[in-house]
Amino acid sequence: LQAGPLTGKQIVITAGPTHEPIDPVRFIANRSSGKMGYALAQAAVELGAKVTLISGPVALEAPPGCNRIMIETAQQMFDAVMQNLAGTAIYIGCAAVADYRPTHPASAKLKKSAEDDLSLQLRLNPDIITAVANAGERPEMVVGFAAETDDLQKYAQHKLQQKSMDLIAANQVGDGRAFGQDNNALEIFWEGGHKSLAEAPKLEIARELITLITERYHAKNSI
Ligand code: PMT
């Protein structure tokens with residue numbers, strides 16, 4: 001482990017999409033590549049943190065020095081996060097967790113029917129970051145992301161409060177932005193503060209965000 005301002009601190013980071021099975025060969029997912037979450041894991045390791053990276057299915061190698069746990073579904077991500085919460089100082093939810101899953105995934109491949117229309121019944125997944133923020137062993141800092149196509153600030157500030165986060169990093173998505181890209185730009189909000197990070201490679205953005213989170217963490221703990 002490297003020595004730095006996060007030496008000895010345990011950080012849990014989620015990254016990537018979740019896959020929600022429809023049948024053994026099909027699933028519901030989204031366009032997250034994991035790049036942003038993996039960059040955050042690397043940046044946190046660089047500052048000396050002990051990082052557990054809980055990742056959905058992505059085509060990336062684990063950043064050196066972090067403990068990676070691979071999962072597929074939102075429920076599996078929820079379980080892995082909860083199992084790793086004890087002693088965690090900072091939680092960063094960067095994963096694009098599917099809000100819904102097929103209610104009754106089929107055990108055999110679904111056959112094409114004669115009908116033109118097909119309905120899929122969906123059920124709400126557990127909200128991982130809300131559970132983390134309300135856990136008995138709540139990390140001192142709970143950091144979330146907001147991916148929005150419109151009204152970035154309004155929705156981000158609403159999620160910050162609704163999900164009891166300490167800080168939220170909002171990115172504009174749609175029109176080929178953020179999801180899957182090598183670059184990102186963030187609007188970061190916390191109670192009484194705001195910072196904009198202009199478009200840059202995700203590793204640069206990640207280093208700036210981790211530095212800000214570290215400052216907020218130490219400010220909170222020095223009160
Ligand atoms: O992976 P990349 O291709 O690099 O793209 C990065 C990214 C765009 C996916 C990332 O920067 C990002 O914005 N991640 C969060 C995407 C998202 O799902 O946002 P949301 O607004 O739907 O969710 C808000 C927050 O709640 C997030 O912290 C999310 O992890 C969390 N959440 C959501 C649903 C759920 N069931 N459980 C959760 O914990």
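**Helix α2, the core and the ligand shell**

In helix α2 (residues 74–83) of this predicted model, the buried residues include A74, M77, F78 and V81. Those four sit on the same side of α2, because the arc they cover around the axis is only 105°. The general rule behind this kind of pattern is simple: an α-helix has 3.6 residues a turn, so residues three or four places apart point the same way. As for what the buried side of the helix meets, the buried residues of α2 pack against four strands, namely β1 (10–15), β2 (20–23), β4 (50–55) and β7 (100–102), and also against helix α3 (128–133).

Stepping back to the whole chain, the secondary structure adds up to five helices and 12 strands. The C-alpha trace spans about 65 × 35 × 30 Å along its principal axes. The radius of gyration is 18 Å, which agrees with the value near 17 Å that a compact globule of 223 residues would have. Of those 223 residues, 40% are buried. Among contacts with a separation of 6 or more, 65% are between residues 24 or more positions apart.

M77 of α2 turns up again in the largest nonpolar core, which has 58 residues. M77 is one of the residues that touch the most other members there, together with I13, L40, A44, V143, I168 and L209. Helix α1 gives the most to this core, with eight residues. As a general point, nonpolar side chains in soluble globular proteins tend to be buried together. I168, another of the well-connected core members, touches G144, F145, A146, A156, K159, L160 and F189 once residues up to four places away in sequence are left out.

The ligand comes next. Around it are 27 residues, of which S33, M36, G93, I128 and G144 come nearest. Elements giving two or more residues to this shell are α1 (35–46), α3 and β9 (141–148). The largest share, four residues, comes from β9. By character, the shell divides into 14 nonpolar, nine polar and four charged residues. Two names here link back to earlier parts of the picture: G144, one of the nearest residues to the ligand, is also touched by I168 of the core, and α3, which contributes to the shell, is packed against by the buried residues of α2.

S33 has a further link, this time to a loop. L60 lies in the loop between β4 and β5 (67–70). L60 and S33 are 27 residues apart in sequence, yet their C-alpha atoms are 8.2 Å apart in space. Leaving out residues up to four places away in sequence, L60 touches G34, K35 and Y38. L60 counts as partly exposed because 17 other C-beta atoms lie within 10 Å, and 20 or more would be needed for a buried residue.

D99 is another loop residue, found between β6 (90–93) and β7. With 14 C-beta neighbours inside 10 Å, D99 is partly exposed. Its contacts, beyond the neighbours within four places in sequence, are with L124 and N125. D99 and L124 are 25 residues apart along the chain, and their C-alpha atoms are separated by 6.0 Å.

Two residues are worth a look for their backbone angles. Most residues other than glycine have a negative phi. S164, however, has a positive phi, near 50°; this residue is in the loop between α4 (152–162) and β10 (167–172). A178 also has a positive phi, near 65°, and is found in the loop between β10 and β11 (183–190). Their surroundings can be read from the neighbour counts: S164 is partly exposed, with 14 other C-beta atoms within 10 Å, whereas A178 counts as buried, with 25 C-beta neighbours inside 10 Å.

Finally, helix α4 holds L152. With 18 C-beta neighbours inside 10 Å, L152 counts as partly exposed. Apart from residues up to four places away in sequence, L152 touches A170, Q172 and E187. L152 and T214, on the other hand, are 62 residues apart in sequence and 24 Å apart in space, C-alpha to C-alpha.

Definitions and conventions:
Residues numbered from 1 in each chain as written. Predicted model: local features only at pLDDT ≥ 70, side-chain atom pairs only at ≥ 80, totals over all residues. Buried ≥ 20, exposed ≤ 12 C-beta atoms within 10 Å, placed from the backbone. Arc of directions from axis to C-beta. Contact = placed C-beta atoms within 7 Å. Near = placed C-beta within 6 Å. Nonpolar A, V, L, I, M, F, W, Y, C, P; charged D, E, K, R; others polar. Core = buried A, V, L, I, M, F, W, Y, C linked by C-beta atoms within 7 Å. Rg over C-alpha atoms; globule rule 2.2 N^0.38 Å.
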